[in-house]
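Opening my notebook on this one. I'll jot down what I look up as I go, starting with the charged side chains.

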Amino acid sequence: TAPAPEVPMVLLLLLSSVQCLAALRAPETARRRSVLVAAATTAAARAWPAAALSREEYEAIARRAKDNSLTTDNVIIRAIRDDLLDPERDFRQRKLEGDDCRVLESIVKIDNKAADEVRTGTEQLLKLKSAAMSAPSGTLGDREARALSDSYTFGRSLEERIRERASMINVRLNMDCGGT
């Protein structure tokens, strides 16, 4: 048999938010499983206030950048938590030099790739929403279509957050490292 196609992590995250939102809007007769999945998804995707990266966190990211092992999955998870590297916050006290410049160039590349993946996932959600809206009466409700719409909005906000942070890093690279 042929291997099952891989589902991008971003689509899984966005679809899990659909299930979360649908479960939260479900009537009192909602199944226990839906509520449990919604609670787990909500806890996993909760956004904490952004705080400066610790030196250890930055060094771990820098090590992965130097090893070319940065992943879009980690970028997306950090974006959900609003915990992306912020050059103004994380490098406020010093000028970027040598290794920092190479690390940040790698981060910009992986951030842009992650933002592209999120965009692809949100475009797929838009197609699902359209299909849900045109489904025969009684097969899917307005609740599911609204959940898909909310997840689409969440995905677009996530993409915007990632692209904005990558842009800030690019500005800092241009100022301290002579451009990318």
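**Salt-bridge network**

I started with the charges and found D116, R119, R156, E159 and R163 linked in a network of salt bridges. My rule for a salt bridge is a side-chain nitrogen of Lys or Arg within 4 Å of a carboxyl oxygen of Asp or Glu. Note to self: this is a predicted model, where local features need pLDDT of at least 70, side-chain atom pairs count only at pLDDT 80 or more, and totals for chains, interfaces and linings use all residues. Residues are numbered from 1 along each chain as its sequence is written, and side-chain values use heavy atoms, with hydrogens and water left out.

Within the network I looked up R119 and E159, which meet in a salt bridge at 2.8 Å, N to O. R119 lies in helix α6 and E159 in helix α7, so this pair ties together parts that are 40 residues apart in sequence. Helices here are DSSP runs of H or I with at least four residues, strands are runs of E with at least two, and both are numbered from the N terminus.

E159 also has a salt bridge with R156, at 2.7 Å from N to O. Both of these sit in helix α7, three residues apart, about one turn of the helix. That spacing fits the usual rule: an α-helix has 3.6 residues a turn, so residues three or four places apart point the same way.

Then I checked accessibility. I call a residue buried under 20% relative accessible area, exposed over 50% and partly exposed in between, using a 1.4 Å probe and protein chains only. E159 counts as buried because its relative accessibility is 3%. R119 is partly exposed at 33%, and R156 is partly exposed at 31%.

**Around D82**

How many salt bridges are there by this rule? The count comes to 11. I picked out D82 and R161, whose closest N and O atoms are 3.8 Å apart. D82 is in the loop between α4 and α5, while R161 is in helix α7 (residues 142–177), so the pair ties together parts that are 79 residues apart in sequence. R161 is partly exposed, at 28% relative accessibility.

The backbone at D82 caught my eye too: just after α4, D82 takes a positive phi of about 55 degrees. I also noted N68, another residue other than glycine with a positive phi, near 55 degrees. N68 is in the loop between α3 and α4, and at 69% relative accessibility N68 counts as exposed.

**The fold as a whole**

I stepped back to the chain, which has seven helices and zero strands. Of its 180 residues, 34% are buried. I take contact to mean heavy atoms within 4.5 Å. Among contacts with a separation of 6 or more, residues 24 or more positions apart account for 81%.

**The cavity**

How many cavities of 30 Å³ or more does the structure hold? I found one, with a volume of about 120 Å³. For the search, a cavity is a set of points on a 1 Å grid over the protein atoms alone where a 1.4 Å probe fits but cannot get out, and lining residues have an atom within 4 Å of a point. Grid points are joined across faces, edges and corners, and the volume is the space filled by probe spheres set on the points.

The lining includes I61, R64, V75, R78, I107 and D111. The elements giving two or more residues to the lining are α3 (55–66), α4 (72–80) and α6 (98–133). By class I counted seven nonpolar, two polar and three charged lining residues. Here Ala, Val, Leu, Ile, Met, Phe, Trp, Tyr, Cys and Pro count as nonpolar, Asp, Glu, Lys and Arg as charged, and the others, Gly among them, as polar.

In α4, I listed T72, V75, I76, R78, A79 and I80 as buried.

**D111**

Last lookup: D111, in helix α6. Which side chain of opposite charge is nearest to D111? R165 is, 7.6 Å away, and D111 is buried yet has no salt bridge. Lys and Arg count as positive and Asp and Glu as negative, with His and the chain ends not counted. Leaving aside neighbours within four places in sequence, D111 is in contact with V75, I162, A166 and I169.

Notes:
On a 1 Å grid over the protein atoms alone, a cavity is a set of points where a 1.4 Å probe fits but cannot get out, and a pocket is an open set with protein on both sides within 12 Å along at least five of seven lines; lining residues have an atom within 4 Å of a point.
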